[in-house]
Amino acid sequence: MTDRSKAIALIAWIIALGGAVLSVLAGALVGGRAYVLTSVLVILFAMLPFFVQFERRRPQARELVVLAVLCALGVAARALFVWVPHFKPMAAIIMIAAIAFGRSSGFLVGAITVLASNFIFGQGPWTPWQMLAFGSCGYVFGLLAEWGAIPRSHLSRGRLIATALAGGLFIVLVAGPILDTSTFFYFAAMPTPQAALAVYLAGFPVNCIQGASVAIALFLLANPLLNKLARLRTKYGFLA
């Protein structure tokens, strides 16, 4: 990483942290239900460094095309099961994209997939929370691939099962609770521990269904998609 890249990354983090702190202070001064707007601003600032990290990679145009196709697959995975309550394997496509292309690409695919699919399902103040939740799916699984915990292609039977289970658990324990937190802010008359407990308990069965859908999709799709994406990486020199 060059000195200029380090400086840009540091500035992005300073802006993100400073903006988040100022948003919280402003919300506290205004009072009322300002915590709703405050939560959205904090999430938007929190995502800034991740987008800057992707931009610093200077991706090739052909890589952007592949990522756009993966975003479209993610949107389709969400829309295809619209008639099955809470069964949304979209995060599996995001995780696969992250394993294949890395954490910054994974975060981008997660955030953009949610943003694009919400033109079907409805935009609102919950959108930034969803972008953060599913962006985190991509970032974490991309990081695991960079560390070598998940191969970028042709997972063995054991690794495939472990990856599928990890994907399902991540939805239940991390991404789902992030989405529940947005529900807590937008629908609770007043943020209280009792209201938070009610929201998280109500969201747990939903998160389990979505986690199961992601685990099933990873088990069925991870190897076919990862093998195809590996050929693209070799042919066009992605991540080189």
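The following exercises, with worked solutions, concern a predicted model of a single chain.

**Exercise 1. Overall content**

Task: Determine how many helices and strands the chain has, and state what percentage of its residues count as buried.

Solution: The secondary structure comprises 8 helices and 0 strands. Read along the sequence, this gives the pattern α-α-α-α-α-α-α-α. As for burial, 48% of the 240 residues count as buried, the criterion being a relative accessible area under 20%.

**Exercise 2. Successive helix pairs**

Task: Classify the relative direction of H3 and H4, then that of H4 and H5.

Solution: Begin with helix H3 (residues 61-80) and helix H4 (residues 90-101), whose axes come within 7 Å and cross at roughly 160°. Angles over 145 degrees count as roughly antiparallel, so H3 is roughly antiparallel to H4. The crossing of H3 past H4 is right-handed.

Next, take H4 together with helix H5 (residues 103-121). Their axes come within 7 Å, with a crossing angle of roughly 155°. H4 and H5 are therefore roughly antiparallel to each other. H4 passes H5 in a right-handed crossing.

**Exercise 3. Positive phi at two histidines**

Task: Locate His86 and His154, and decide whether each is buried, partly exposed or exposed.

Solution: The general background is that most residues other than glycine have a negative phi. His86 is not a glycine, yet has a positive phi of about 65°. His86 is found in the loop between H3 and H4, the pair treated in Exercise 2. The relative accessibility of His86 is 35%; this value lies between the cut-offs of 20% and 50%, so His86 counts as partly exposed.

His154, likewise not a glycine, has a positive phi of about 45°. His154 belongs to the loop between helix H6 (127-146) and H7. With 60% relative accessibility, His154 counts as exposed, because the cut-off for that class is over 50%.

**Exercise 4. A nonpolar surface patch**

Task: Identify the residues that make the nonpolar surface patch, and find which element contributes the largest share.

Solution: The patch is made by Ile161, Leu165, Ile216, Phe219, Leu220 and Leu221, and covers about 520 Å². Helix H7 (157-187) and helix H8 (193-236) are the elements that give two or more residues to this patch. H8 supplies the largest share, 4 residues.

Ile216 serves as a check on the assignment. Ile216 lies in helix H8 and has a relative accessible area of 46%. Patch members must have over 30% relative accessible area, a condition that Ile216 meets as a partly exposed residue.

Technical notes: Residues are numbered from 1 along each chain as its sequence is written. This is a predicted model: local features need pLDDT of at least 70, side-chain atom pairs count only at pLDDT 80 or more; totals for chains, interfaces and linings use all residues. Side-chain values use heavy atoms; hydrogens and water are left out. Patches are made of residues with over 30% relative accessible area and no salt bridge: like charges are joined within 9 Å, nonpolar side chains (Val, Leu, Ile, Met, Phe, Trp, Tyr) within 5 Å. Accessible areas come from the Shrake-Rupley method with a 1.4 Å probe; for residues, only the protein chains shown count as cover. A salt bridge is a side-chain nitrogen of Lys or Arg within 4 Å of a carboxyl oxygen of Asp or Glu. Buried means under 20% relative accessible area, exposed over 50%, partly exposed in between (1.4 Å probe, protein chains only). Axes are lines fitted to C-alpha atoms, for helices over the stretch in contact, and angles run from 0 to 180 degrees between N-to-C directions. Angles under 35 degrees count as roughly parallel, over 145 as roughly antiparallel, 65 to 115 as roughly perpendicular and the rest as oblique. A crossing is left-handed if the near helix is turned anticlockwise from the far one by less than a right angle, and right-handed if clockwise.
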